[in-house]
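Trainee: I would like to take a close look at a single part of this model and follow its contacts outward.

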Amino acid sequence: MSNRWVEKLEARLGTIVSNPDNLLSAPMQHALLAGGKRLRPKLFNSVLVMFGLDIKDYLDVACALEMVHTYSLVHDDLPAMDDDAYRRGKPTVHVAYDEATAILSGDALLTDAFTVLANAQNLSAEKRIKLVCILAEKAGSSGMVAGQVLDLKATKQTIDVAALNTMHALKTAALFEAALMMGGVVSGVTDLHQLEGCGRALGLAFQIQDDLLDVESTQEAMGKSLSDASHEKASYVRIMGLSDAKEACRATFEKARTLCAALSVDAEPLHTLIDTIEQRNR
Ligand code: GRG
């Protein structure tokens, strides 16, 4: 599957945050442009390809996903959260600018994402409302933000694997679910449960892998601060040990593949993306 459309996505993101009236343009560009793997847009695209659609017609939907994800990174790095200094190969926004600017840039990315999504081209009003609802629910107080609350509570505490799964199903997997479900909405899928389940398994597998990379990779390779141990964060490696975490990672990727194979269309584009994610080193 060609990823040449990613250049167009990056260009569109650049246009969105290059408004001369936007006083936060520079820090938003700092956070959003260059360095990200664009995984959530790629998940969205994989569903479109399965249904014979071209993401170039729906770039703004992918931009909205990436903007919400980027806001979450900017806020996650803040001193009141993980207090990290390095992200996407650059100083974090509060380090490059200041804390207030980082808070406001995150707020702006989150809010502007919904303007972009609500005005997305080539979609009926009904589909745009569905997309707005899915992204808001998966990112909000019963989705990603709820996961972040559990994460903050779990720091310096002992939690079990079930609690860790609950936390990451919200914090990390919720946006993976949103990306696949939003691809489903654009493609005219009415029952989104299977795509949601696939996104959940893949998001959890991705998070277990992230925890493994946190101990086995380097800050330079990952382009972000590796901080779980120093922050006493609950992580799969910390709770299960390295060997069991590796096995859980393998098994959870396999679960994602099984759920993906059960979709009623040829899911080869999603299988290919799952393989690419499993082989990542950053
Ligand atoms: C509301 C103040 C406030 C904060 C909210 C919601 C939130 C902050 C944080 C939770 C979201 C979060 C940071 C989840 C971590 C998931 C994760 C592993 C992110 C890294 O994703 P990649 O590797 O990053 O896809 P790139 O940079 O490649 O896009």
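Trainee: How many residues does helix α11 have, and what distance does it reach from its first C-alpha to its last?

Mentor: Bearing in mind that this is a predicted model, helix α11 covers residues 193-216, which makes 24 residues, and from its first C-alpha to its last it reaches 34 Å, close to the 34 Å expected at 1.5 Å a residue. The helix is mostly covered, with 18 of its 24 residues buried. One of its residues, F206, deserves attention, since a search of the whole structure finds 1 aromatic pair, and this is formed by F176 and F206, whose ring centres are 5.1 Å apart and whose planes stand at 45°, so the pair counts as tilted. Because F176 belongs to helix α10 (residues 173-186) while F206 belongs to helix α11, the pair ties together parts that are 30 residues apart in sequence. Both F176 and F206 are buried.

From the ring of F206 the path leads on to R40, whose charged end sits over that ring at 5.9 Å from its centre. R40 is also among the residues that come nearest to the ligand, together with K37, H69, M81 and R88, out of the 19 residues around it. In the side chain of R40, an N or O atom is 2.7 Å from an oxygen atom of the ligand; a polar side-chain atom of H69 likewise lies 2.7 Å from a ligand oxygen, and for the side chain of R88 the corresponding distance from an N or O atom to an oxygen atom of the ligand is 2.8 Å. Taken alone, the ligand exposes 750 Å², of which the protein buries 88%.

Conventions
Residues numbered from 1 in each chain as written. Predicted model: local features only at pLDDT ≥ 70, side-chain atom pairs only at ≥ 80, totals over all residues. Heavy atoms only, no water. Helix = DSSP H or I, 4+ residues; strand = E, 2+ residues; numbered from the N terminus. Expected span 1.5 Å × (residues − 1). Buried < 20%, exposed > 50% of the residue type's maximum accessible area, 1.4 Å probe, protein only. Phe/Tyr/Trp six-rings, centres within 6.5 Å; stacked < 30°, edge-to-face > 60°. Lys NZ or Arg CZ within 6 Å of the ring centre and 35° of its normal. Near = heavy atom within 4 Å. Polar contact = N/O pair within 3.5 Å; in protein donor to acceptor, adjacent residues only side chain to side chain. Areas by Shrake-Rupley, 256 points an atom, 1.4 Å probe, with all protein chains shown as cover.
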